[in-house]
Amino acid sequence: MSRKIKTILIGTSLNPPSDDVVKAGLGLARATGARICLVHAFLPQVTYSGGGAPFVTPILADEVVKSERMLLTRRLDEQVKRLGIRPEELAGTVLEYGPPHRFLIDTAQKVGADLIVVGATESPRMAKLFGSTAERVVRKATRPVLTVRGTRAMPPKRVLLPVDLSPLSADAFRQGLRVLNQILPARDAALEAFFVMTEYDRQGLAPEAEPELSGANAGRELARFVETNAKDTGWTVAAKVSMGYADEEILARMEEWDPDLIVLGTHGRGGFERFLLGSVASSVVRNAGTSVLVIPPEAALEESLAREAELQGMRV
């Protein structure tokens with residue numbers, strides 16, 4: 001059995017655009033019977049010197065932090081009221097001074113969050129320089145992370161699941177289906193497994209790939225992958241193969257099929273990509289025009305262990 005979603009942590013910037021992020025997390029909570037924890041981290045106000053160069057006061061006076069906390073608490077309360085969040089749906093609100101990505105990760109661990117929800121959109125200039133908060137959270141999180149973009153249906157009606165046929169990808173695929181089982185118990189969404197055959201696959205150079213993987217046997221391998229890993233989940237998953245660069249083809253398929261959600265792991269063949277989030281996952285999180293559910297290695301491993309335990313139980 002997959003870990004039941006009981007607590008969903010939602011990062012909010014408290015401004016109107018973050019309402020869509022909170023609504024998405026709230027929609028999932030209502031679908032799963034979970035409660036939400038709203039979290040906001042604030043940084044010191046930036047001031048400017050006479051020359052126009054920004055600097056941050058090294059020591060914030062207690063009264064300044066206290067005043068800002070009171071103002072933000074009021075805004076947080078207003079957002080709860082504005083979105084119609086009922087008291088019984090709210091596990092708590094947390095507001096603290098510090099870097100947002102670090103605070104979100106720490107709080108998720110403290111409250112035992114089963115799913116983290118963050119916005120995918122922020123200042124393009126800051127994201128380019130330092131990476132977005134969403135990317136930073138995905139790099140460090142040990143629980144699935146939903147990066148929300150736009151106002152897509154949540155729970156989703158159409159889900160794209162990119163895979164690379166490796167055991168690591170299979171673990172993430174199964175965990176993604178288990179999460180979907182909880183947020184879509186009626187199994188009423190259209191799902192598509194999407195495999196991009198690269199030049200390395202075709203030449204038999206990619207780890208764990210079939211030698212000289214052609215378009216025809218790539219389709220057979222993907223069908224076998226889906227049959228094996230979607231078995232007993234209640235889902236019917238379509239399969240589609242493309243060829244090219246993985247991130248470019250995934251984004252192109254997104255434009256063509258228009259899914260409400262993309263589900264993928266942060267690592268693939270060999271697992272070493274986790275060091276930098278994984279170029280494919282990173283590109284999809286940054287550039288996708290829709291929400292992305294990212295399954296980190298720890299959550300995928302949990303699924304693998306659960307599956308092994310189920311198989312052991314069947315053998316006894």
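## Salt bridges and helix packing in a predicted model

Val-80 is found in helix α2, and in this predicted model the residue is buried, with a relative accessible area of 13%. Once the neighbours within four places in sequence are left aside, the residues in contact with Val-80 are Leu-38, Ile-85 and Leu-90. For Leu-90, which lies 10 residues from Val-80 in sequence, the C-alpha to C-alpha separation from Val-80 is 9.1 Å.

### The protein as a whole

The protein has 11 helices and 12 strands, and buried residues make up 49% of its 316 residues. Among the contacts between residues at least 6 apart in sequence, 80% join residues that are at least 24 apart. The exposed area comes to about 15800 Å², of which carbon and sulfur atoms supply 55%.

### Salt bridges

How many salt bridges does the protein have? The count comes to 13 salt bridges, and the table gives three of them, including the N to O distance of each pair.

| Salt bridge | N to O distance | Relative accessible area of each partner |
|---|---|---|
| Arg-82 and Asp-19 | 2.8 Å | Arg-82 43%, Asp-19 10% |
| Glu-89 and Arg-30 | 2.6 Å | Glu-89 9%, Arg-30 42% |
| Lys-157 and Asp-188 | 3.5 Å | Lys-157 45%, Asp-188 42% |

The side chains of Arg-82 and Asp-19 meet in a salt bridge, and this pair links distant parts of the chain, with Arg-82 in helix α2 (residues 62-82) and Asp-19 in helix α1 (residues 18-32), 63 residues apart. Arg-82 counts as partly exposed, because its relative accessibility of 43% falls between the limits of 20% and 50%. Asp-19, by contrast, is buried at 10%.

Glu-89 forms a salt bridge with Arg-30, and here too distant parts of the chain are linked, since Glu-89 is in the loop between α2 and β5 (90-97) while Arg-30 is in helix α1, 59 residues away. Is each partner buried or partly exposed? Glu-89 counts as buried, with 9% relative accessibility, whereas Arg-30 is partly exposed, with a relative accessible area of 42%.

In the salt bridge between Lys-157 and Asp-188, Lys-157 lies in the loop between β7 (145-148) and β8 (158-163) and Asp-188 in the loop between α6 (167-183) and β9 (190-197), so the pair ties together parts that are 31 residues apart in sequence. Lys-157 is partly exposed, at 45%, and Asp-188 also counts as partly exposed, at 42%. Elsewhere, salt bridges that share partners join Arg-30, Arg-86, Glu-88 and Glu-89 into one network.

### Packing of α9 with α10

Two packed helices are described by the angle between their axes and by the distance between those axes. Helix α9 (residues 246-257) and helix α10 (residues 279-287) pack at an angle of about 35°, with their axes 9 Å apart, and α9 passes α10 in a right-handed crossing. Which residues make the contact? From α9 they are Ala-246, Asp-247, Ile-250 and Leu-251, and from α10 they are Val-280, Ser-283, Val-284 and Asn-287. By class, the contact of α9 with α10 has five nonpolar residues, two polar residues and one charged residue.

Notes
Residues numbered from 1 in each chain as written. Predicted model: local features only at pLDDT ≥ 70, side-chain atom pairs only at ≥ 80, totals over all residues. Heavy atoms only, no water. Salt bridge = Lys/Arg side-chain N within 4 Å of Asp/Glu carboxyl O. Helix = DSSP H or I, 4+ residues; strand = E, 2+ residues; numbered from the N terminus. Buried < 20%, exposed > 50% of the residue type's maximum accessible area, 1.4 Å probe, protein only. Contact = heavy atoms within 4.5 Å. Areas by Shrake-Rupley, 256 points an atom, 1.4 Å probe, with all protein chains shown as cover. Axes fitted to C-alpha atoms, helices over the stretch in contact; angles between N-to-C directions. Left-handed = near helix turned anticlockwise from the far one by under 90°. Nonpolar A, V, L, I, M, F, W, Y, C, P; charged D, E, K, R; others polar.
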